Every structure is written in C-alpha cells, then in structure tokens.
Amino acid sequence: ACSADRSDSGSGSILHAALEQLRGALNLSLTLGSPLSLTVIAVDRYLSLHPTTESYSYDLTVTDGRWRVKCQLAESLIRWVKNGSLRCGVGVRLSHLSVVHDETRLGHSYLRIDGIHSITEMPEMFDNIKDVDNIPQWFRDDVIRTNGPLQLTRKHYLSLWINDDPHGSVWIANSPPPHVVLDVSNITLLGDLEAFFHSSKRPLPLLVRILHRSRIRYYGKPGQNIDFPFQVYYEVADQSGIMSMVLWNELCPEWFHRLTVGSVLYLQQFAVKPSYQKRSRPQISILSLMAFRSVEISLNPRSPATVVTVVPPKCVQPQWGLPDVPYNFTTRSEVEANSNHASDIIGLVTYVGRLERIRSKEKSGPEKFWAYRWVHAVDGTSDSPFILEIFSSSQPEIFSNICPMTYLVCTQMRVCQEADRFVYLTSSTETQLFITGCHKKQPYVNEPKVKAFIQWTKTLKDNVMLQKTAVGGHYSYPPAPPTFTPTTKNNTANETSIIAVAELKGELESMQYREHKRVAIQGYVAAVQYHSWPPGDQQPGVNAVQETSQRVSDAGSFRHHATMEERSVELRKIDSASSDSDSAIPPKRKRLHSRVKQRQYFTRSKVQSDSQAGFTSHVEEEPSNEAELEEEESESEDEHMLIRYSAAREDAQSASQSAALWESSIWPLVKQNVTDHFCCGRLDEGSIAENFHFDDREVLLQHLNLCPAKWTPDLTPQTHTHTPVACTGYFILTILGLNQKAAVDILFLPVVTPDDPRAAGVPHSHHDNSLLSCLTTGHVCVQPDGTCPDPGTLMSSAPQMESERVVCIIDLCLLGENRIEMICSKLYRTADICQPEST
C-alpha cells in the first residue's frame with residue numbers, strides 16, 4: 001500500500017474525518033459520539049510481543065470505501081475474531097480509537113481499535129468495489145508504514161487460523177530454476193558425513209535428491225528473539241543412502257516453495273548436527289539404501305550461511321546415481337492388509353467435508369490448532385471409498401481446493417483400523433497432496449497403479465459420478481465403540497471423558513471458530529421431538545398431530561432411497577417454491593433476512609414451567625426494516641459478544657407444530673427446577689451434507705473452508721440453493737443430568753439412505769427400528785418391503801427410554817457467527833456402559 005495525498009481527496013470520507021480528528025486529539029484517544037461504520041477487508045495475526053491473556057495479536061484493515069487504514073485490535077476484542085464474528089467482509093461500527101507509541105523506537109506509532117459498538121452486514125456501497133488495493137491508505141506523520149505487523153518486533157504474519165501454513169509475501173513463490181553448470185567431481189557422499197561431524201574439517205558440497213518433505217513447524221514463543229522461527233524437515237538421498245535435512249528460520253520463507261519432492265540440490269556451506277530422535281519419520285520403501293540416523297544436515301541462514309542451488313531437471317545426469325522418489329501406492333482393495341503402514345493413494349474425490357480445527361495438546365508455548373477435513377475417494381477396485389482424514393500439509397492452495405470430481409493423490413498416509421472393522425487413512429507430518437492441475441511432471445505419474453487408475457477413470461461418465469458426490473455437513477469417523485468405557489489417566493485419543501451437563505457451559509464458551517470437540521455426558525432422555533426438514537417443507541401428515549398418552553403423533557415418513565432422477569425432480573420443486581418466496585426480497589434485505597433468521601445464541605437461563613416441548617425459547621423478533629435491525633444490533637459490547645444460544649423465531653413456531661413429541665413422566669415435574677438448560681435452535685444447513693454442483697463450486701468451497709484473511713470482492717460470501725443429500729427430518733433430544741439440575745437439547749440426524757456420506761465405511765447392523773436402537777446405532781434400517789419406518793413409528797417406541805440411564809457422545813462445533821452445533825453421535829444404554837472397577 002502506498003501513502004495517498006491528504007488534500008481534498010479526503011472530502012466525503014467518514015474514516016478520513018475521524019482519523020484527522022484523532023490526529024489533533026491531545027490525549028491520543030478518540031471516543032466517537034456516533035459509531036464509525038466501516039468494513040473489514042483484512043485480518044492479520046502474529047505472535048504477541050508481551051502477551052497477558054492472548055498469545056496472538058491481530059491487525060485489522062478497515063475502510064469506508066474511500067480510505068483504508070490498518071489498526072491493531074485491542075486485546076479485549078480479540079475474542080470477536082476467535083469465535084468467527086469479526087472477519088473479512090463484515091461491517092463493523094467502531095466506537096473508540098487511539099494512537100500507541102513504541103517508546104523503545106524513534107518515530108514509530110500505530111493506531112489501535114479499542115472499542116467496537118457492533119458487527120453488521122457489509123454496507124451496500126462496497127458492492128461496486130473491484131480492488132481494495134486501489135483504495136488509498138491513510139497515514140499520519142508518526143504512524144509506521146509497513147506491510148508487516150504493526151508491532152515492528154515481528155517480521156511476518158501467520159496464517160489466520162493455524163500456524164503451519166506459509167502466509168504472506170515473505171514466502172517466495174516457486175519458479176523454474178535457472179540453468180546451471182556444476183562441477184560434481186568433488187562432492188561428499190551422505191555416507192561420509194558422520195566422519196566430518198567428529199572433525200573440524202568442513203565437508204565438500206553435497207548432491208542429493210529430495211524424497212520427502214514435512215509440513216512447516218512454527219516454534220515461535222513470546223519473548224523469543226527470532227525473526228522467523230520456522231523449521232522444515234526433508235529426507236534426501238544420494239547413491240550412498242538417506243539422511244534428514246533441516247531448513248531453518250529465514251531460509252524457510254525463501255526456499256520452502258522451491259524445495260519440493262523430487263528436486264535435486266547442490267548444497268554448500270551446510271552444517272552437520274546430531275540428529276533429533278524424537279520426531280516422526282516417513283516410511284521409506286527403498287530397502288537397498290541405508291538410512292543414516294545419527295546426524296542430520298542443517299541449512300542455516302548464517303554461521304555458516306548455506307548456499308542452495310536447485311538443479312533443473314534437464315541438467316540432472318543419470319551418472320550421478322541419484323535414486324528416484326519412492327512410492328508405495330495402495331489400492332482401496334489392499335488397504336486392510338497395510339494396517340499401521342504408510343501408503344500412497346490416488347482416487348477420484350466423491351465427498352469433501354468442511355474444514356474444521358482441533359486444539360493441539362502441546363503443553364508449552366502459545367495455543368495451536370490443527371486444521372483437517374474428511375474426504376472420500378474411489379479408485380474402482382472396491383465398492384467402498386477411501387476414507388481420508390487429511391490435516392493441513394502446508395499446501396493451503398491445494399488443501400482448500402479439494403472438491404468432488406478431482407483426482408487426488410495423498411502420499412505418506414497412515415492406515416488406521418479401529419475395532420477390526422473401521423478402516424481409514426490419516427495424514428502424517430510428511431504427507432503431500434496433489435489435485436487435478438498439479439499432477440503434471442510429478443514423479444509418481446509413471447507408477448503402474450497410477451496409470452491403472454487413469455485408465456479406469458476413462459470408463460466413467462461424469463454425469464453418473466456427479467450423482468454420487470456430496471460436500472459438507474456434520475461428519476465424524478470412526479464411529480464410537482459399541483460399549484462405553486470410562487477413561488483413565490492414560491486415555492487414548494479415541495476415548496472421550498465424561499463431563500457434567502452443567503460443565504457444557506464452559507466448554508461452549510471456550511470454543512473457537514470451527515473448533516471441533518467431542519464430549520460425553522450421562523443422564524436420562526427427558527424429551528424427544530421430531531422436526532421435518534427443510535423447515536416449511538412439511539411432509540404429509542405433519543399438521544395432523546394427534547395427542548396420545550405418550551404425546552406421540554405421526555409425522556409423515558422418511559423417504560426411502562430414491563433414484564437420482566426422482567430426487568432431482570423433487571428438489572427442483574422445492575427450489576422453485578423457495579425462489580418464489582424469496583423473489584420479493586431485495587438482494588440487500590435478503591442477506592439481512594438470512595442473517596437474522598440464522599443467528600442463534602447460548603445463555604444460562606431459568607427454565608419456565610410453561611416452556612414448550614421442554615425447552616426455553618428466547619424469541620428474536622425479525623426487524624421490519626434496516627433501521628430497526630441497526631437499532632437491534634446496537635447492544636453493549638459485553639452483551640453482543642456473550643455467546644448466547646437459544647431458538648430463533650421459527651423454532652418457537654415449529655415447536656408448536658412439532659411433528660412428534662414425547663416427554664418422560666419425570667420431565668414435567670422437574671423442568672422448572674432445572675437451573676441450566678442449554679437449548680438448541682433449528683438444524684443449521686451447515687450440519688447437513690449437500691449435493692455438489694459444478695456451477696456452485698466456488699460458493700461451496702467458500703462455505704467449506706475457513707474465513708479468509710483478506711476480503712476479495714469476487715469472493716464475497718454468496719448464498720446458493722442448499723440441496724440436502726439425504727435428510728428429511730431430525731430429532732431433538734433433551735438429556736437431563738443425573739442430579740436433575742441441568743439439561744441440554746442436542747440434535748440427532750439418523751442415517752437414512754446409503755447416499756449419506758456418513759454411511760460409508762459403517763456396517764449397518766439390523767435392529768428393531770425402535771428409536772432407542774436408532775440412537776445407539778446411528779441409522780434407520782430398511783424394512784422388508786424396501787421402505788424405512790416413518791417418524792411416527794419411531795416415536796411410538798420412545799417410551800422404552802423411560803428411566804433409562806444413558807451416556808451420550810456429543811460432537812460440538814462452533815460453525816461461526818455464534819452458531820454452535822451440538823449433535824448426538826452415539827447413545828449408550830445402561831447395558832452398554834462398563835462400570836469402573838472400585839479401588
């Protein structure tokens with residue numbers, strides 16, 4: 001960004017006027033009488049210099065369309081970013097700005113946002129902006145001008161949501177290496193390096209090929225005086241063997257993109273260090289080469305400064321004897337035989353899950369998250385797909401663009417097998433990803449199984465495969481074990497500890513954007529409701545609610561697995577009706593209408609005795625115009641950012657029209673004594689897998705991926721027609737804690753058809769189709785006549801759960817904008833709970 005002339009160009013700019021007013025403020029602070037309405041166009045994160053409560057600092061770039069300015073976000077406001085509310089492309093109303101001087105430097109100051117009145121929709125004026133970089137940037141004379149962090153002690157920004165992705169202009173892009181002429185007559189072999197470690201003599205240059213590359217490791221800590229605390233491991237080889245090589249600090253941004261698997265390197269002035277033994281290593285299938293593990297090659301920016309030369313492929317000579325990159329491609333039919341081994345796979349993607357985050361368990365340093373997604377891919381050798389748990393591999397341009405109908409290659413995947421039934425592959429530190437558009441000239445293109453896969457894909461028809469594709473929705477794998485065993489101090493990653501129902505409040509409030517958690521609670525099923533989906537598209541019989549002694553009614557039926565043509569006709573009818581109902585809403589109001597309709601909250605509240613269906617609904621009235629919406633959003637800062645969670649207006653309406661409802665005999669007696677009731681609103685569209693359409697590819701990827709760090713006008717979040725794969729209804733379970741003081745409403749989405757991505761890799765055992773059996777297995781069984789039982793039939797069996805003590809496994813995910821997903825993934829009956837041994 002460049003400085004712009006401060007003359008008449010500032011006229012008409014509310015941002016320019018406010019900043020000029022701040023320039024003249026004697027106390028370096030400006031409290032705005034009327035909040036300043038701006039839009040966030042960039043959110044940048046970096047390690048805090050002197051953290052108190054937050055490990056990371058954030059710089060926000062905001063604009064009024066005429067001017068833009070970068071400001072640091074006050075630490076007290078960082079939670080707005082962490083829960084996904086304050087993000088690129090939203091409107092923000094600022095109430096307090098200030099200037100901060102760096103007293104340890106001469107002439108270095110920056111602006112800070114100290115108060116945010118509210119967060120709103122992006123103003124319509126920004127619809128015409130084509131390039132935010134063309135908006136002039138405002139500076140005051142003593143404010144620093146930098147493309148990096150405003151705290152100058154930091155030299156780079158981190159990726160917004162995780163630490164192991166390259167981010168920013170400091171990471172030099174890959175480019176074809178120039179032609180070189182090398183004298184390789186005097187080189188050192190890897191097998192001789194250990195001898196140099198014990199002598200003061202510097203080794204001759206190395207000539208090696210990269211066989212494997214790890215993802216980036218960021219080891220920065222507050223107070224650390226290292227400008228670029230990054231590290232990348234490589235496995236390199238020559239004719240004598242294989243050894244690890246480490247790329248350190250400033251060399252990572254300079255060389256990471258250019259040192260790829262298969263590259264040949266000529267290395268000078270490197271160091272030889274003792275090898276770090278406590279790290280993961282790739283499984284290498286070349287058995288004829290010796291692996292040297294006692295020492296490793298260290299490439300440093302100084303002392304000595306390593307000289308790296310990438311040899312162009314045309315300049316690589318066969319007589320050098322460099323080994324080829326080893327691969328171990330495994331077909332889907334062979335996966336079970338490779339359990340606990342590393343495999344490389346290639347497949348056609350059929351399902352892509354949303355990108356989620358889990359918290360790293362590292363005890364030291366700032367908090368860290370890992371980003372991952374679930375993917376299904378087929379290769380024609382089995383009726384079952386590869387089920388892939390793919391973590392970020394420091395390839396964000398590939399990781400974020402995985403979508404159905406692409407050819408996906410994943411290397412160094414670990415084969416996992418749970419309970420001898422559930423087989424999936426999870427990525428390792430050394431996993432590399434390649435999708436359509438990246439395969440050209442990769443070393444694996446001549447592998448026999450890759451060629452066989454390409455031949456198989458030539459027999460496919462795109463329209464047939466498209467019918468088998470899906471994206472998004474709640475997805476969790478492998479399923480929970482058939483019996484629940486309480487965890488011990490040495491619990492494994494797949495075990496889930498029990499928490500009290502009242503402790504859910506702390507769990508929910510601590511969650512960050514797209515964070516996934518799994519918790520277990522125990523109690524009783526106090527009430528069950530059934531709701532058809534989508535809202536307003538009621539199934540036949542939904543209004544014919546009949547009260548019985550168990551308050552059970554017939555709610556229509558789950559549709560049996562229909563043909564793709566039948567479903568397409570039905571969806572077109574639904575889409576047409578939906579389009580007609582929305583056609584009268586102007587584009588801007590449609591966005592506002594959608595936002596108000598979807599906003600949900602969490603709060604601690606006293607359950608009233610007259611609450612419908614056993615849960616409290618705090619109804620949000622929909623504003624009649626934009627002025628009322630703005631008035632509604634002018635809450636105090638603390639009220640606005642408290643994570644609240646209650647049902648929206650349509651949930652209260654649907655409760656009275658509920659298709660089916662059952663309450664236990666004890667629930668009406670105790671619910672007014674419940675002090676904490678965590679209430680769920682309607683089912684969020686983001687919780688349901690939907691059909692994939694090429695025309696909606698960019699929009700779907702936006703919804704599946706994390707919010708970007710920079711706003712791009714072409715990628716402004718857009719709406720699209722949500723066509724669920726296999727969901728015609730869902731259940732709301734009210735779980736009452738054992739002490740009858742806390743309760744929680746959670747969603748249950750049974751697997752109804754094989755189209756549901758959650759059906760893959762899960763054997764569907766036959767059961768009696770009681771509601772309790774569906775909750776314990778997660779699916780509905782097809783009846784002898786080829787149909788599925790209707791919800792009314794399922795609900796008629798709900799009284800079986802009367803006084804049944806259960807353990808419920810709940811998947812939690814903060815979808816963003818205060819939308820918390822709470823889904824029951826498994827319900828254990830008393831007979832399925834292993835009691836702990838007494839000590």
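**Exercises on cores and cavities**

L388 touches I345, R373, W374, V375, L408, C410, M413 and L425, leaving aside residues up to four places away in sequence; contact here means heavy atoms within 4.5 Å. The model is predicted, so local features need pLDDT of at least 70 and side-chain atom pairs pLDDT 80 or more, while totals for chains, interfaces and linings use all residues. Numbering runs from 1 along each chain as its sequence is written, and side-chain values use heavy atoms, without hydrogens or water.

**Exercise 1.** Place L388 in the largest nonpolar core, and find the strand that gives the most to this core.

*Solution.* Start with the term: a nonpolar core is a set of buried (under 20% relative accessible area, 1.4 Å probe, protein chains only) Ala, Val, Leu, Ile, Met, Phe, Trp, Tyr and Cys residues joined through side-chain atoms within 4.5 Å. Next, the largest such core has 112 residues, and L388 is among those with the most contacts inside it, along with L73, L86, I297 and I390. Then, strand β1 (residues 29-47) gives the most, eight residues; strands are DSSP runs (E, at least two residues), numbered from the N terminus. Finally, a second, separate core of 40 residues includes L504, V744, C808 and L814.

**Exercise 2.** Work out what kinds of residues line the second largest cavity.

*Solution.* First, a cavity is a set of points on a 1 Å grid over the protein atoms alone where a 1.4 Å probe fits but cannot get out; lining residues have an atom within 4 Å of a point. Next, 20 residues line this one, with I688, A726, L749, D756 and R758 nearest its centre. Last, the lining divides into twelve nonpolar, six polar and two charged residues.

Conventions: Buried < 20%, exposed > 50% of the residue type's maximum accessible area, 1.4 Å probe, protein only. Helix = DSSP H or I, 4+ residues; strand = E, 2+ residues; numbered from the N terminus. 1 Å grid on protein atoms, 1.4 Å probe; cavity = no way out; pocket = protein on both sides within 12 Å on 5 of 7 lines; lining within 4 Å. Nonpolar A, V, L, I, M, F, W, Y, C, P; charged D, E, K, R; others polar.
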